[in-house]
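Dear colleague,

I am passing on the structure we talked about, together with the notes I made while going through it. Please look at the sequence and the coordinates first, and then read on.

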Amino acid sequence: MTAGNRGGEPRRILIDCDPGHDDAIAIMLAHGDPGVQLVGITTVGGNQTLDKVTHNARVVATVCGMTGVPIAAGSAVPLIRPIRTAAAIHGESGMDGPVLPEPTVPLDDRHGVDLIIDTVMDNPPGSITLVPTAPLTNIALAVRKCPAIVERVAEVVLMGGGYSKGNVTPAAEFNIAVDPEAAQIVFTAPWQVTMVGIDLTHQALATPAVQQRISDIGTPAAQFVVDLLAAYGANYRAEQGFGDPPVHDPCAVARVIDPSVMTVRPAHVEVELAGRLTAGMTVCDFLGRDGARLDTDVAITLDAPAFWDLVVDAITAIGRP
Ligand code: PIR
Ligand code: CA
């Protein structure tokens, strides 16, 4: 067992997501690991349209046998820009590969932005961690609608951005590129942000050995992940030339479960909103030029074996009756 929250009170997290193969695995990690308690899931248009990713979130909850965790649909489109999806990676359904069972888990009737606000305001100060794994539209809207959440949230641990490269453009990562204005609101609000970007998540590669370990678990939940990774891996190979696919979103959940799973460096992060070639780039200043505060923790190096141990242990726990 690793250090971190093991043995202590589980950290209460809300995942804001767009499932999405890797979002699905992030939800499963949060559900199966005893170091965090998943208290809400909100969805946002991103990898696919809002209706599809919301359906997929309910599918994942159903596969996990999850009950009592509210799931609410948030914003369908970015703050300013037109929606853009990632169908080439995630397929028409947003979660192509496994047979998707009809969800039995209901949809909360609140707007996702209101579920975020209610979750933060109805729990003690400093007790809720937000884990966004999608465009930051809902989080930005929540900040604007209820600014009091900013000092009440424990921290924001988000998957998005990068300090050395992009994936949808040479400079920009998808979650930030889809809604750069929302991301700028999130990075500049006075709360603690950890940016788990693609420099980090490209170290979380689902190798054949990893996929075999998951397959060996032998439960329906594990088979669901095996089928997800097969389709996701094939698309990543065809579209981006990866040998093994990077599994981005669970890295942010893993950081909350066990901070020692990755190293971070403090930086000042802002989002390029105007660049012709660089819109959506997370510009990371590690030196604090002109007095800029190094107020964001930027993820650098992943302990990949420890990360995959967390994922395998969580999926194993889900299978237990
Ligand atoms: C992954 C994503 C989008 C585009 C590509 N090419 C790959 C999704 C993942 O769900 C993750 O949250 C983030 N966006 C990685 O860029
Ligand atoms: Ca995602």
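**The calcium site**

In this predicted model, the calcium ion (ligand 2) has as its protein donors Asp-18 (OD), Asp-23 (OD), Asp-23 (OD), Thr-133 (O) and Asp-249 (OD), which lie 2.3 to 2.5 Å from the ion. Read along the sequence, the donor residues of this ion follow the spacing D-x4-D-x109-T-x115-D. Asp-18 belongs to the loop between strand 1 (11-17) and helix 1 (21-32), while Asp-249 belongs to the loop between helix 11 (220-240) and helix 12 (250-257), so the pair ties together parts that are 231 residues apart in sequence. Asp-18 and Asp-249 are both buried.

The loop between strand 1 and helix 1 also holds Gly-20, and the peptide bond leading from Pro-19 to Gly-20 is cis, with omega near -5 degrees. For context, most peptide bonds are trans.

**Ligand 1**

There are 16 residues around ligand 1, of which Asp-22, Asn-167, Glu-173, Asn-175 and Asp-249 come nearest; Asp-249 is also one of the donors of the calcium ion. Two side chains approach oxygen atoms of this ligand: a polar side-chain atom of Asp-22 lies 2.6 Å from an oxygen atom of ligand 1, and a polar side-chain atom of Asn-167 lies 2.9 Å from an oxygen atom of ligand 1. On the side chain of Asn-175, an N or O atom is 3.0 Å from a nitrogen atom of ligand 1.

**Two buried loop residues**

Asn-47 sits in the loop between strand 2 (36-43) and helix 2 (50-64), and with a relative accessible area of 5% Asn-47 is buried. Apart from its neighbours within four places in sequence, Asn-47 is in contact with Asp-18, Gly-20, Asp-23, Thr-85, Ala-86, Ala-87, His-90 and Phe-174, a list that includes Asp-18 and Asp-23, both donors of the calcium ion. The side chains of Asn-47 and His-90 are joined by a polar contact of 3.3 Å.

His-202 is found in the loop between helix 9 (198-201) and helix 10 (208-217), and its relative accessibility of 15% places His-202 among the buried residues, the cut-off being under 20%. Its side chain makes a polar contact of 2.9 Å with the side chain of Lys-165. If the neighbours within four places in sequence are set aside, the contacts of His-202 are Lys-165, Phe-242, Pro-246 and His-248.

**The sheet**

Nine strands make up an open sheet with mixed pairing, in the order 3-2-1-4-5-6-9-7-8. Strand 3 (71-73) and strand 8 (282-285) stand at its edges with a single partner strand each, so one side of each lacks a neighbour in the sheet. From one strand to the next, the twist averages 30 degrees. Helix 8 (residues 180-188) packs on the sheet, where it touches strand 5 (155-159), strand 6, strand 7 (262-271), strand 8 and strand 9, and the direction of helix 8 makes about 115 degrees with that of strand 7.

Which residues of strand 4 (residues 128-132) are buried? Five of the five are, so strand 4 is largely enclosed by the rest of the structure. Its two faces are both covered, with Ile-128, Leu-130 and Pro-132 buried on one side and Thr-129 and Val-131 buried on the other. Strand 4 pairs with strand 1 in the parallel sense over five bridges, and there Asp-16 has Pro-132 of strand 4 as its bridge partner. Strand 4 is also joined to strand 5 by two bridges, again in parallel, with Glu-155 in strand 5 as the bridge partner of Thr-129.

Elsewhere in the sheet, strand 6 (residues 193-196) and strand 9 (residues 296-302) run parallel and are joined by three bridges, and Met-195 stands opposite Val-298 of strand 9.

**One further backbone detail**

Asp-290, in the loop between strand 8 and strand 9, has a phi near 55 degrees, which is a positive value in a residue other than glycine. Most residues other than glycine have a negative phi. Asp-290 is exposed, with a relative accessible area of 86%.

With best regards

Methods: Residues numbered from 1 in each chain as written. Chains lettered and ligands numbered in written order. Predicted model: local features only at pLDDT ≥ 70, side-chain atom pairs only at ≥ 80, totals over all residues. Heavy atoms only, no water. Pairing = 2+ DSSP bridges. Helix = DSSP H or I, 4+ residues; strand = E, 2+ residues; numbered from the N terminus. Axes fitted to C-alpha atoms, helices over the stretch in contact; angles between N-to-C directions. Contact = heavy atoms within 4.5 Å. Donors = N, O, S within 2.8 Å, 3.2 Å for Na, K, Ca; no water. Buried < 20%, exposed > 50% of the residue type's maximum accessible area, 1.4 Å probe, protein only. Near = heavy atom within 4 Å. Polar contact = N/O pair within 3.5 Å; in protein donor to acceptor, adjacent residues only side chain to side chain.
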